[in-house]
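User: Could you take a close look at one part of this model for me, the place where the helices pack against one another? I'd like the contacts walked through residue by residue.

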Amino acid sequence: MTDAKHDLHVYLREGRAALLWKLDGLSEYDVRRPLTPTGTNLLGLVKHMSTVQLLTLGWVFDRHFTEPVAWFQRDLPPNTDMWALPEESRAYVIGVYEKASAHADATIAALDPDTRGNMPWLGDADGRPTLIRAMAHVVAELQRHLGQADIVRELVDGSAGLYAHTPFLPDGDAAWWADHRERVERAAKEADA
């Protein structure tokens, strides 16, 4: 029999590390610049996942984070947890992310898998998901945003893959990838014809 709590925690830790890797080697501008019409950017995704962890694997289980978080203030611009204000340094955002991760890990360690939280927005019939359900929600949210980070990072500088040391992509050079992209383009045009 598998241990769902352990397995979900492995996926959570792996996803957290992959998201942080997406910032490696980039300038302040490149981690912050919006690359979609809705403003998606790498540092904003890290910031958002801090919020998700603090709420879902903290507040939901009445385990409150005691340090102030800059973007939990009132009177901030809309959608503030999805982008970093100029005064929120990369180090600050990453620091909150790491503390949020540690806080979530402490919740996971302290609670039994069937412990119920209070999270009416999750959509469970009674709004009281188990720790396992909340963990699954956070892993799903993280993987969704990690997919966005994959695309944004590739748009910034061409870096792609899960990690620098294990990209899980075909081992092709620039010419191979250009040929591959052209194959995909031809297939799309042929299918549209």
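Analyst: Let's start with one pair: the crossing of H1 and H5 is left-handed. Keep in mind that this is a predicted model. The two helices pack at an angle of about 25 degrees, with their axes 9 Å apart. H1 therefore counts as roughly parallel to H5, since angles under 35 degrees fall in that class.

Who does the touching here? On the H1 side, the contact takes in Ala4, Lys5, Leu8, His9, Tyr11, Leu12, Gly15, Arg16, Ala18, Leu19 and Trp21. Facing them from H5 are Leu131, Ile132, Met135, Ala136, Val138, Val139, Leu142, Gln143, Leu146, Ala149 and Arg153. Sorted by class, the contact of H1 with H5 holds 16 nonpolar, 3 polar and 3 charged residues.

Now bring in H3, which covers residues 42–56, while H1 covers residues 4–21. H1 and H3 pack at about 155 degrees, and their axes lie 10 Å apart. That angle makes H1 roughly antiparallel to H3, because the class takes in angles over 145. The way H1 passes H3 is again a matter of hand, and this crossing is left-handed. From H1 come Leu12, Arg16, Leu19 and Leu20, and they meet Leu45, Val46, Met49 and Gln53 of H3. The contact of H1 with H3 splits into 6 nonpolar, 1 polar and 1 charged residue. Leu12, Arg16 and Leu19 of H1 turn up here, and they also sit in the contact with H5.

The remaining pair is H3 with H5, the helix of residues 131–157. Their angle is about 180 degrees, with the axes 10 Å apart, which means H3 is roughly antiparallel to H5. H3 brings Leu42, Leu45, His48, Met49, Val52, Gln53 and Thr56 to the contact. H5 answers with Ala134, His137, Val138, Glu141, Leu142, His145, Gln148, Ala149, Val152 and Arg153. By class that gives 9 nonpolar, 6 polar and 2 charged residues. Some names come back once more: Leu45, Met49 and Gln53 of H3 meet H5 and also meet H1. On H5, Val138, Leu142, Ala149 and Arg153 touch H3 and are part of the contact with H1 as well.

To set this in the whole protein: the secondary structure comes to 6 helices and 0 strands, so to speak α-α-α-α-α-α from the N terminus on. The C-alpha trace spans about 55 × 50 × 35 Å along its principal axes.

One more spot, further along the chain, is the largest pocket, with about 150 Å³ of space. Its lining is made of Trp177, Ala178, His180, Arg181, Val184, Glu185 and Ala188, which divide into 4 nonpolar, 1 polar and 2 charged.

Note on methods:
Residues numbered from 1 in each chain as written. Predicted model: local features only at pLDDT ≥ 70, side-chain atom pairs only at ≥ 80, totals over all residues. Heavy atoms only, no water. Axes fitted to C-alpha atoms, helices over the stretch in contact; angles between N-to-C directions. Helix = DSSP H or I, 4+ residues; strand = E, 2+ residues; numbered from the N terminus. Parallel < 35°, antiparallel > 145°, perpendicular 65-115°, else oblique. Left-handed = near helix turned anticlockwise from the far one by under 90°. Contact = heavy atoms within 4.5 Å. Nonpolar A, V, L, I, M, F, W, Y, C, P; charged D, E, K, R; others polar. 1 Å grid on protein atoms, 1.4 Å probe; cavity = no way out; pocket = protein on both sides within 12 Å on 5 of 7 lines; lining within 4 Å. Points joined across faces, edges and corners; volume = space filled by probe spheres on them.
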